[in-house]
There are 2 protein chains.
Amino acid sequence: MTDAEKHALMANAIRALAMDAVQTAKSGHPGLPMGAADLATVLFTKHLRFDPKDPYWPDRDRFVLSAGHGSMLLYSLLYLLGYEDMTIEQLKQFRQLGSRTAGHPEYGYAAGIETTTGPLGQGLATAVGMALAERVLNARFGDDVVDHYTYVLASDGDLMEGISQEAIALAGHLRLNRLIVIFDDNRITIDGDIALSDSTDQVARFEASGWDAVRIDGHAPDQIDAALADARRNDRPTLIAARTIIGYGAPNKCGKAACHGSPLGAEEIAAARIGLNWPYEAFHIPPDILDAWRIAGLRSRAARKEWSARFDKLDAQRRGEFERRLTGEVPVALDKAIRALKEELAGSRPKVATRKASELALERVNAAIPDTIGGSADLTGSNNTRTSGLRAVAPGDYDGRFVHYGIREHGMAAAMNGMALHGGLIPYSGTFLTFSDYCRPAIRLSALMKQRVVYVMTHDSIGLGEDGPTHQPVEQLAALRAMPNLVVYRPADAVETAECWQLALHDRDRPSLLALTRQDLPALPLELSDENRCARGAYVVEPSSGEAAVSLFATGSEVAIALAAKQRLDELGHPARVISVPSFERFAAQNGSYRREILGTAPVRVGIEAAVRQGWDAIIGTDGIFVGMHDFGASAPYEALYSHFGITPERVVELALARLAPQPSS
Amino acid sequence: MTDAEKHALMANAIRALAMDAVQTAKSGHPGLPMGAADLATVLFTKHLRFDPKDPYWPDRDRFVLSAGHGSMLLYSLLYLLGYEDMTIEQLKQFRQLGSRTAGHPEYGYAAGIETTTGPLGQGLATAVGMALAERVLNARFGDDVVDHYTYVLASDGDLMEGISQEAIALAGHLRLNRLIVIFDDNRITIDGDIALSDSTDQVARFEASGWDAVRIDGHAPDQIDAALADARRNDRPTLIAARTIIGYGAPNKCGKAACHGSPLGAEEIAAARIGLNWPYEAFHIPPDILDAWRIAGLRSRAARKEWSARFDKLDAQRRGEFERRLTGEVPVALDKAIRALKEELAGSRPKVATRKASELALERVNAAIPDTIGGSADLTGSNNTRTSGLRAVAPGDYDGRFVHYGIREHGMAAAMNGMALHGGLIPYSGTFLTFSDYCRPAIRLSALMKQRVVYVMTHDSIGLGEDGPTHQPVEQLAALRAMPNLVVYRPADAVETAECWQLALHDRDRPSLLALTRQDLPALPLELSDENRCARGAYVVEPSSGEAAVSLFATGSEVAIALAAKQRLDELGHPARVISVPSFERFAAQNGSYRREILGTAPVRVGIEAAVRQGWDAIIGTDGIFVGMHDFGASAPYEALYSHFGITPERVVELALARLAPQPSS
């Protein structure tokens with residue numbers, strides 16, 4: 001059997017499994033796996049370095065199927081290569097409840113799925129983060145420990161999404177030469193010929209961003225092999241634009257949108273079996289072909305063993321740090337550093353913006369633990385994310401812990417996902433809270449994949465002032481709190497900010513978002529505590545003197561307003577208590593008795609937050625008073641805005657008094 | 001005085017006003033207006049066609065300051081050119097409450113502000129919609145009526161945002177040669193030199209997307225003039241990459257990030273006045289220079305009059321249609337068409353997915369009114385947005401009413417904003433609801449600018465089935481309902497879908513979003529009504545027989561579940577009523593008595609929606625029962641998912657019964 005014949009048989013195994021699984025599921029996307037089978041076969045049998053028996057080997061190459069709808073390509077490969085949790089039964093259960101073979105690849109469902117993909121463009125942008133993580137860790141731990149590639153298979157849809165440009169430009173700028181993107185250029189989208197909607201010269205486009213880019217025939221194994229070999233030697237990231245035929249092997253539907261996202265149908269599958277000379281039953285892979293794949297799966301075993309031998313010879317300190325960082329465990333130094341900061345803050349009681357307080361916390365965090373890698377979407381001085389002595393990574397120089405992501409919020413968030421998934425780093429980065437909208441699809445993936453990514457979102461309300469309504473978040477807090485598995489923090493002073501950072505860094509299984517002010521906030525009137533008060537999401541800042549008539553709940557910058565209102569209400573003979581609610585999610589997770597204690601029994605509850613009410617009813621009840629925003633903001637100095645929109649102690653007192661007054665019977 | 005001297009004086013007038021206004025406001029961005037003053041002066045005095053005395057002249061050229069932070073450039077121009085509502089007092093009130101001169105240009109605040117900008121990339125992408133609207137209306141009304149250009153001033157930030165790629169690729173593909181983008185290439189971002197984060201060759205990048213692109217010196221009036229003249233003759237969209245010095249004229253801060261986003265300071269301003277030979281007081285423009293600007297403002301007056309003369313000669317039908325379309329008024333034919341459809345549906349009672357019902361409605365809408373222009377982000381067959389006989393626009397052929405936007409949700413949404421702002425068209429377009437996240441910043445601008453844009457968001461829950469959690473919206477309904485001024489509809493059957501379309505098209509001052517199912521839904525058990533039942537946001541579908549024990553509130557696909565649960569509860573002796581809630585926003589806007597009537601007095605309230613609870617407390621109370629989603633979805637056939645996540649009539653009945661049962665005293 002010639003190499004070409006063997007290649008064809010191995011590639012056809014992918015095609016057959018993809019056809020069969022989609023047909024059995026009665027839904028799915030056979031077109032991409034069949035079209036890209038040649039690309040994947042060459043990549044996985046000749047270039048990608050991995051070990052199915054040790055799928056989490058830290059120095060493995062990463063493969064990202066950015067075109068996640070072609071999930072059967074990945075599942076077929078994992079089965080054929082011998083990944084133990086990807087059995088033929090799993091392929092037969094494609095797209096069924098509880099299977100590892102979800103409609104799109106879901107991180108955590110099976111070994112070998114390096115990231116969740118499906119929302120187009122995300123895989124490519126996540127891979128940029130993986131490739132950057134590889135270089136950053138290489139700079140710290142050396143070639144002996146970290147020295148691998150990140151491969152991406154991307155579709156025209158990935159490249160049409162705007163996030164792709166952010167990813168491409170960032171990777172090109174940083175010269176991430178370990179990143180190799182194969183573009184499955186099949187010229188077919190769901191609507192039909194790509195000429196309906198696009199005429200971009202992708203090779204020229206990537207070159208404009210500093211990539212090397214080549215065109216090949218995606219069905220010619222030799223061309224694929226040569227292009228991948230060249231790419232691995234490149235000093236820049238590489239695009240391999242591989243012209244393919246979607247649904248290759250389906251005699252009537254190949255090259256057409258008809259095979260993109262629907263089962264081929266029994267008749268077409270039968271015809272494909274004949275055309276591909278694949279006379280086997282559904283889901284049956286002949287032993288010799290399966291053997292060939294399984295042998296390919298063993299290809300990097302020696303390399304993996306050599307790596308282990310090298311790793312074992314490292315000095316204990318370096319080996320220990322690498323291992324700890326990969327587990328994601330945070331050193332105790334972090335808690336000590338936060339404790340020391342809280343002690344200082346208890347003494348100095350600084351009046352600072354929480355974005356500045358975040359910088360104070362980060363100064364300690366970054367000094368205490370080496371895992372963090374910061375950044376900003378071109379708002380470094382505003383987000384306060386770059387601490388003293390934090391070097392920035394630069395093209396060809398990755399010995400840094402700060403990334404100038406540029407004005408690319410979406411690409412930044414996805415890159416952070418990639419770094420977190422890669423392991424060894426805790427990424428955090430900033431933009432304005434209102435621009436959380438720009439990166440929402442990537443934040444969603446942080447949450448869905450349960451990744452420790454910390455979003456530092458400053459300028460968190462009308463408190464940013466003059467920039468006006470486009471820059472003033474109003475609905476973003478509610479929109480983010482609606483997202484499962486994301487913890488949103490809105491700390492009220494420097495101590496709370498430090499506590500929220502501590503919680504975020506310890507939360508290994510979920511992303512956190514810190515909403516921070518531009519404007520200065522006074523320190524809360526609290527004594528130093530060993531407890532992390534923010535951990536339970538809400539706590540009493542000031543109890544009432546005597547039975548409470550009013551409970552005042554507030555977050556962030558509005559806690560100071562609540563405290564001022566309490567003072568006035570107390571003076572007027574209506575004892576009030578003030579509760580800070582730094583995290584709705586953490587508070588919602590408390591047991592009933594703690595929740596009842598915090599909610600209290602005062603007849604009047606007021607919620608104060610310079611944002612929309614949605615979500616607050618859970619705390620103040622549907623008949624609670626809410627002092628916040630009801631529409632978009634405006635452009636003016638922030639004090640004028642708070643007054644204009646009635647988010648003031650006076651207004652809180654006025655509304656509470658009206659509620660306390662005996663109601664005229666109606 | 002030479003032309004060059006005159007140009008310099010006129011440009012310096014912009015520079016001086018920008019310095020002074022930012023200094024007076026103590027915040028703002030002087031760098032861009034000073035750097036781009038030469039570009040703007042040539043554009044506004046020699047190319048842009050407009051009339052300050054008739055600022056809404058339909059055939060005016062549009063100017064979009066995509067780099068909205070440079071708002072003082074636009075405000076200075078409007079004042080200098082003689083726009084009546086932009087007085088010198090307004091410039092002195094820059095960034096103050098209630099002024100027309102907000103921190104970023106806000107649509108509706110002053111004539112000559114064609115769109116709200118500030119969130120980077122939006123202006124450019126909105127301009128693509130304006131340029132497309134121009135060509136589409138030109139195809140319908142001819143050169144005599146519609147024949148103008150759209151100019152954009154964009155910054156490096158605009159071009160780094162991913163949305164820019166979607167916009168550029170779409171404009172290049174459609175050959176929108178009336179679109180001319182001037183790139184203020186000052187190589188400075190907030191963080192510093194652009195080399196910190198970018199090394200894209202923008203000229204090559206635009207060329208890769210089918211644009212003509214040139215480089216010029218942005219301070220050489222002759223080069224600017226020639227480039228603009230060439231661009232106007234081009235058969236493709238044009239990028240003019242103009243190398244400029246940010247803060248041109250500020251002797252110490254020019255060319256540096258220091259002048260990007262902060263006042264220059266009194267000392268630097270004094271030095272700039274000397275360097276620019278501008279010995280005038282703050283905000284003072286010498287009469288001869290003001291005159292020169294005012295004369296430039298009159299430049300297109302003759303053209304405007306000629307246009308009016310041509311327009312008056314049109315036949316009454318065409319003139320009438322153009323005028324009506326610009327007012328945004330919807331013809332009565334729409335209501336008749338919806339009425340006819342509702343009559344048919346009352347007879348046929350089809351069991352259809354609401355995405356299909358939306359297509360049924362659109363068939364009537366598109367036949368009845370010519371204003372609509374549909375589209376899809378490459379999900380045409382899934383979003384059901386292309387009705388029979390609707391031609392697609394194509395490169396060079398704009399006589400169509402459907403746009404293949406490609407896999408570019410964000411660019412699509414922004415282009416729709418541009419079409420709505422341009423006037424004469426009602427844009428609607430589709431993607432999957434989960435991908436509303438991709439276009440959220442543009443949806444926010446639809447809402448902030450009060451534009452009639454209709455978002456058709458299908459596959460609106462776990463009901464989409466096998467595609468899995470990445471494609472299943474869970475938090476999107478809450479996140480969208482949180483946004484001020486956006487109306488979210490989730491209709492429950494074909495009649496409700498038709499009614500929601502009717503409401504959306506009549507709502508001239510706000511965007512609407514229709515959340516539609518993939519799966520079939522039965523017709524609600526209702527008689528034909530003259531009333532649009534959805535108009536009040538919630539209504540009783542089935543009252544209880546006798547005093548209600550349970551009120552069941554549901555939206556969309558879950559109304560059928562509520563109806564089934566009611567039947568069982570009734571059988572068990574617990575009379576239940578079913579309320580459909582197609583729009584939270586419309587229901588919240590009803591008066592107290594209607595709201596009380598709908599909420600009812602049943603001791604148990606249940607909310608049913610295959611999404612997160614956030615927002616539902618307003619309807620069911622904090623102690624209401626909620627049957628919905630608590631986490632992300634999963635991949636499986638949709639019936640299995642509804643069962644798995646417990647969104648079933650059985651579960652509703654079980655929870656209601658548990659609440660109705662006498663509680664053991666504790």
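Two residues are said to be in contact when heavy atoms lie within 4.5 Å of each other. In this predicted model, local features need pLDDT of at least 70 and side-chain atom pairs count only at pLDDT 80 or more, while totals for chains, interfaces and linings use all residues. Residues are numbered from 1 along each chain as its sequence is written, chains are lettered from A and ligands numbered from 1 in the order of writing, and side-chain values use heavy atoms, leaving out hydrogens and water.

Let us start where the two chains meet. Chain A and chain B each bring 94 residues to the contact. Together they bury about 7500 Å², with 56% of it on carbon and sulfur atoms; buried area is the accessible area (1.4 Å probe) that two parts lose on being put together, summed over both. B:Ile407, B:Tyr438 and B:Arg444 supply 10% of the area that chain B buries against chain A, more than any other three residues.

Charged partners also meet here. The interface holds 8 salt bridges, each a side-chain nitrogen of Lys or Arg within 4 Å of a carboxyl oxygen of Asp or Glu. One of them joins B:Asp467 to A:Arg95, with the closest N and O atoms 2.8 Å apart.

Within chain A, an open sheet of 5 parallel strands follows the order S1-S2-S3-S7-S6. Strands (E, at least two residues) are DSSP runs numbered from the N terminus, and two of them pair if DSSP finds at least two bridges between them. Strands S1 (62–65) and S6 (212–217) of chain A are at the edges with a single partner strand each, so one side of each has no neighbour in the sheet.

Note on methods
Helices (H or I, at least four residues) and strands (E, at least two) are DSSP runs, numbered from the N terminus.
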